[in-house]
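Work through the exercises below with the sequence and the structure at hand. Try each task before reading its solution.

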Amino acid sequence: MDKTLKIVLVEDEPISSLYLQNLISETDIKHEIVAEITSVAMALSFFAKNPDFDLIFMDIHLGDGTCFDILDTTGIEKPIIFCTTFDTYAVQAFKYNSIDYILKPAKINDVENALKKYWSFKKSDEDDYLVRMDKMMDSFTPPRYKKRFLIRNENRLKPILISNVSCFYSEEGNTYLVEKSGHSHIVDFTLERLEELIDPNDFFRINRKMMINIDEIHSAEDYFNSRLKITLQTNQSELDLVVSRNRVRHFKNWLKGVS
């Protein structure tokens with residue numbers, strides 16, 4: 001593996017792109033990021049020039065469309081490692097030159113295994129499509145998310161179903177679970193950890209201190225500085241229910257069921 005692996009990143013979120021680049025660097029594989037593409041339009045222009053590269057790491061949903069808009073138009077034949085939030089598009093992705101499908105947040109082992117598959121397929125081009133797809137699907141395991149939390153209240157333990165949670169928020173070093181009834185409880189998880197434990201279809205982190213349940217959203221309205229103000233079904237007016245400006249687009253996509 002002395003050859004430098006030339007990689008193209010298709011990812012519209014700078015933080016996710018940087019995070020992925022750091023994971024790739026941790027694998028110690030000799031590589032070069034030859035392009036960072038952030039939109040469908042940018043991708044169409046880039047790939048039309050027949051650039052020299054070996055592998056693509058590709059998010060599925062971009063600000064101006066999906067990666068399938070790119071793939072259907074350009075007919076890219078280079079191998080692709082899809083990296084996205086939801087498992088909804090796994091089968092569709094394997095219709096293209098996919099060698100792996102990584103669910104965010106990616107781990108170092110995910111990237112290492114995906115790159116191993118790349119080298120394996122590169123050495124074994126005789127694998128036909130059905131064999132390749134079977135291998136990919138066998139290795140794909142959907143995530144398991146928390147269904148309930150166990151809360152201690154004095155001498156009693158109370159289970160709370162995730163469907164009965166209105167939101168989570170952090171304050172003064174603690175993280176709180178708020179029931180739809182309005183009662184709040186301290187939980188032993190940071191919001192960062194909760195993002196990994198809870199189904200992203202159901203909860204969204206609207207700002208640095210708050211995650212909300214999609215079923216609890218009553219309305220969203222424009223707020224100053226290009227943000228959104230959220231009103232929940234249950235009255236939580238004392239909480240900071242404002243979507244950060246850099247999360248507004250992703251929040252709207254989430255509401256529409258788009259990763």
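The exercises that follow concern a predicted model.

**Exercise 1. Check the length of helix H1 (residues 14-26) against the span expected at 1.5 Å a residue.**

Step 1. Helix H1 has 13 residues.
Step 2. The expected span is 1.5 Å times one less than the number of residues, so H1 should span 18 Å.
Step 3. The end C-alpha atoms of H1 are 18 Å apart, which agrees with the expected value.

**Exercise 2. Determine which residues of H1 are buried, and where they lie around the axis.**

Step 1. Buried means under 20% relative accessible area. In H1 this holds for Ser-16, Ser-17, Leu-20, Gln-21, Leu-23 and Ile-24.
Step 2. These residues cover an arc of only 160° around the axis, so they are on the same side of H1.
Step 3. An α-helix has 3.6 residues a turn, so residues three or four places apart point the same way.
Step 4. On the face turned away from the buried side, H1 carries the exposed residues Pro-14, Ile-15 and Leu-18.
Step 5. Just after H1, Asp-28 has a positive phi of about 65°.

**Exercise 3. Decide whether His-185 is buried or exposed, and list what surrounds this residue.**

Step 1. His-185 belongs to strand S12 (residues 184-187).
Step 2. The relative accessibility of His-185 is 14%. The cut-off for buried is under 20%, so His-185 counts as buried.
Step 3. Leaving aside neighbours within four places in sequence, His-185 is in contact with Ile-151, Lys-158, Ile-160, Thr-175, Tyr-176, Leu-177 and Glu-179.
Step 4. With Glu-179 there is also a polar contact between side chains, at 2.7 Å.

**Exercise 4. Describe the open sheet that contains S15, S16 and S17, and find which strands stand at its edges.**

Step 1. The sheet has three strands in the order S15-S16-S17, with antiparallel pairing.
Step 2. S15 and S17 each have a single partner strand, so they stand at the edges, and one side of each is left without a neighbour in the sheet.
Step 3. Two bridges join S16 and S17 in the antiparallel sense. Lys-229 stands opposite Val-242 in S17.
Step 4. Helix H8 packs on this sheet and touches S15, S16 and S17; the direction of H8 makes about 40° with that of S16.

**Exercise 5. Find which residues of helix H8 (residues 248-255) are buried, and what covers them.**

Step 1. The buried residues in H8 are Val-248, His-250, Phe-251, Asn-253 and Trp-254.
Step 2. Their cover includes strands S13 (203-207), S14 (210-213), S15 (217-223), S16 (227-232) and S17 (242-243).
Step 3. Just after H8, Gly-257 takes a positive phi of about 85°.

Technical notes
Residues numbered from 1 in each chain as written. Predicted model: local features only at pLDDT ≥ 70, side-chain atom pairs only at ≥ 80, totals over all residues. Heavy atoms only, no water. Helix = DSSP H or I, 4+ residues; strand = E, 2+ residues; numbered from the N terminus. Buried < 20%, exposed > 50% of the residue type's maximum accessible area, 1.4 Å probe, protein only. Polar contact = N/O pair within 3.5 Å; in protein donor to acceptor, adjacent residues only side chain to side chain. Contact = heavy atoms within 4.5 Å. Arc of directions from axis to C-beta. Pairing = 2+ DSSP bridges. Axes fitted to C-alpha atoms, helices over the stretch in contact; angles between N-to-C directions.
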